[in-house]
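Take a first look at the chain below. The paragraphs after it go through the structure part by part.

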Amino acid sequence: MVIAKENSSSHHRRLTFAAFLNSDPAAEEEEKKHGGDVSNPSTSSNNNNDVRVFQRGSNASTTSGESSPNQVLSPWNQTYSPYYTDTITTPSMSPSPWNQTYTPYYKSPWIYQTRNIDDESEHGLIGTIVRQEGHVYSLAASGDLLFTGSDSKNIRVWKDLKDFAGFKSTSGLVKTIVITGDNRIFTGHQDGKIRVWRGSKRRAGGYSRVGSLPTLKEFLTKSVNPKNYVEVRRRKNVLKIRHYDAVSCLSLNEELGLLYSGSWDKTLKVWRLSDSKCLESIQAHDDAINTVAAGFDDLLFTGSADGTLKVWKRELQGKGTKHFLVNVLMKQETAVTALAVNLTAAVVYCGSSDGIVNFWEGQKFLSHGGTLRGHRMAVLCLAVAGSLVLSGGADKNICVWKRNGDGTHSCLSVLMDHVGPVKCLTAVEEAEEDGVGNRVKGDQRWIVYSGSLDKSVKVWRVKETASPAIC
């Protein structure tokens with residue numbers, strides 16, 4: 001009888017399912033191929049998919065820091081939470097989100113850093129919230145709550161600059177967020193979808209998705225009629241009430257009960273807030289719509305990569321209303337990238353990819369008021385706070401301008417702490433109280449939030465009464 005020689009390779013224990021999930025053959029093969037060194041892709045080439053200028057940039061994901069080959073670069077696998085100080089990913093953690101004990105909102109990929117400033121200072125940085133990976137594309141503030149959207153598809157909620165809640169969408173990266181007075185949150189996504197969320201009245205920090213635009217009922221009703229379709233390219237028809245490209249911007253007119261959405265599919269859509277019905281779908285521009293802003297006197301402003309700033313007015317037609325094009329304020333070679341409206345002073349500000357902010361004023365007849373030149377590169381976002389207007393640019397700076405009583409503007413400050421392009425801005429008035437808790441009038445101060453492609457949200461304090469600076 002021949003006895004086979006025993007060797008170690010003849011005894012293999014079958015892998016358990018958990019062990020199988022913990023293994024990553026693709027990563028092991030990559031490690032062998034590159035000698036165990038896996039390089040991180042550069043984030044500098046991923047900044048072109050936020051505003052359409054001439055063509056849409058790459059949508060590749062980005063990472064930061066060094067990671068082991070067996071580690072899946074996902075915020076789901078981060079061991080950091082706001083309640084712990086360890087920010088290192090455990091090597092033995094399963095790469096599959098199915099094996100996680102907690103939801104992705106408990107273990108946050110964000111780190112909060114704070115820097116206190118003197119209360120007497122006119123402008124200054126209050127704090128910074130940093131993502132371990134991914135960029136910040138959208139911001140919205142309501143009272144003491146801050147909502148942030150990123151390329152992780154998550155919307156996180158912050159209260160007093162602490163991690164408060166979060167909700168996850170299955171749509172693409174969150175490009176825009178708006179909040180209504182009745183606690184509804186509308187989010188526009190890279191994949192062309194608009195999601196609707198609502199905060200729970202019973203449970204603090206509880207948010208759930210309550211619908212989408214268009215509603216399923218309206219989608220099914222309209223889809224059976226061929227007249228409700230439009231041809232977008234050869235042999236491709238889509239339903240008119242639905243965006244088929246990225247939803248780049250949203251704007252609310254709660255007084256009229258309307259929501260406006262602009263998209264890279266060149267269309268402007270008008271939604272009724274009461275029943276989420278699509279009232280109009282307008283082929284508004286010849287190229288992607290980058291920004292939309294509801295204005296004064298029932299006016300609506302849209303800016304596009306085609307270089308035009310258009311004015312629309314809502315007027316009665318038959319039994320209903322319709323938006324008509326009433327003016328083209330600007331037509332240029334460079335793209336219109338951002339809009340903001342001062343409703344009190346009846347001024348509309350327009351930022352462009354050439355780094356210039358133009359503004360028009362007047363309720364009955366809009367006339368060009370001048371330009372604000374403070375950026376060396378494209379203006380990516382604008383925000384109005386009282387008599388202040390803030391502009392964020394691809395040059396990593398935020399310019400703070402004040403509108404004076406005679407209609408001129410003075411540069412109060414340039415906020416320089418970001419290390420990447422400033423993608424989004426929002427501001428809320430800072431409450432001032434006397435010793436017994438009563439609201440008092442004083443120096444009007446604002447809390448400004450800025451989101452950047454450096455993976456951070458920075459929090460600033462600015463005053464309207466600050467002295468002008470040389471910008």
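What follows moves from the whole chain to two sheets, then to the annotated repeats, the nonpolar cores and two single residues.

The model shown here is predicted. Its protein chain has three helices and 31 strands. The chain holds 471 residues, and 51% of them count as buried. Taking the contacts between residues at least 6 apart in sequence, 46% join residues at least 24 apart.

One sheet to begin with is built from four strands in the order S3-S4-S5-S6. This sheet is open, and its pairing is antiparallel. The strands at the edges are S3, residues 136-142, and S6, residues 162-168; each has a single partner strand, so one side of each has no neighbour in the sheet. From one strand to the next, the twist averages 20°. As a general point, the strands of a sheet pair through backbone hydrogen bonds, in either a parallel or an antiparallel sense.

Within this sheet, strand S5 can be followed along both of its pairings. Strand S4 covers residues 145-150 and pairs with S5 over five bridges, in the antiparallel sense. In this pairing Gly-149 stands opposite Ile-155 of S5. The two strands form a hairpin with three residues between them, and Lys-153 in this hairpin takes a positive phi near 75°. With S6, strand S5 (residues 154-159) pairs over six bridges, again in the antiparallel sense. Two of the positions can be named: Arg-156 has Gly-166 in S6 as its bridge partner, and Asn-154 has Lys-168 in S6. S5 and S6 also form a hairpin, with two residues between the strands. In that turn Asp-160 has a positive phi of about 50°.

Why is S5 described as largely enclosed by the rest of the structure? Five of its six residues are buried, so the rest of the structure encloses most of the strand. The cut-off behind this is a relative accessible area under 20%.

Another open sheet has four strands in the order S13-S14-S15-S16, with antiparallel pairing. Its edge strands are S13 (247-253) and S16 (277-283), and each of them pairs on one side only. The twist in this sheet averages 20° from one strand to the next. S13 pairs with strand S14, residues 258-263, in the antiparallel sense over six bridges. Asn-253 stands opposite Leu-258 in S14.

Some stretches of the chain also carry an annotation. An unreviewed UniProt entry places the feature "repeat: WD" at residues 240-281, 282-313 and 372-402. Over residues 282-313 the chain is 62% strand and 0% helix, and the C-alpha atoms at the two ends are 13 Å apart. Residues 372-402 are 65% strand and 0% helix, with end C-alpha atoms 11 Å apart.

Next come the nonpolar cores. In soluble globular proteins, nonpolar side chains tend to be buried together. Here the largest nonpolar core has 18 residues, and those with the most contacts inside it are Leu-388, Leu-390, Ile-398, Val-400, Leu-425, Val-448 and Val-462. At least two residues of this core come from each of the strands S25 (379-385), S26 (388-393), S27 (398-403), S28 (409-415), S29 (422-429), S30 (445-452) and S31 (456-463). A second core, separate from this one, has 16 residues and includes Ala-293, Phe-301, Val-336 and Leu-339.

Which residues does Leu-388 contact, leaving aside its neighbours within four places in sequence? Among them are Ala-383, Val-400, Trp-401, Leu-412, Trp-446 and Val-462. The list also includes Lys-402, Lys-463 and Glu-464.

Two single residues complete the tour. Ala-427 lies in strand S29. Not counting residues up to four places away in sequence, Ala-427 touches Ala-385, Trp-446, Ile-447 and Val-448. Trp-460 is 33 residues from Ala-427 along the chain, and their C-alpha atoms are separated by 9.3 Å.

The other residue is Thr-337, which lies in strand S21, residues 336-342. Is Thr-337 buried or exposed? Thr-337 counts as buried because its relative accessibility is 4%, and the cut-off for buried is under 20%. The side chain of Thr-337 reaches the backbone oxygen of Val-379 at 2.3 Å.

Definitions and conventions: Residues are numbered from 1 along each chain as its sequence is written. This is a predicted model: local features need pLDDT of at least 70, side-chain atom pairs count only at pLDDT 80 or more; totals for chains, interfaces and linings use all residues. Side-chain values use heavy atoms; hydrogens and water are left out. Buried means under 20% relative accessible area, exposed over 50%, partly exposed in between (1.4 Å probe, protein chains only). A polar contact is a pair of N or O atoms within 3.5 Å; within protein, one must be able to donate a hydrogen and the other to accept it, and residues adjacent in sequence count only if both atoms are side-chain atoms. Two strands pair if DSSP finds at least two bridges between them. Axes are lines fitted to C-alpha atoms, for helices over the stretch in contact, and angles run from 0 to 180 degrees between N-to-C directions. UniProt positions are given in the numbering used here, feature names are shortened, and annotations may be inferred rather than shown by experiment. A nonpolar core is a set of buried Ala, Val, Leu, Ile, Met, Phe, Trp, Tyr and Cys residues joined through side-chain atoms within 4.5 Å. Contact means heavy atoms within 4.5 Å.
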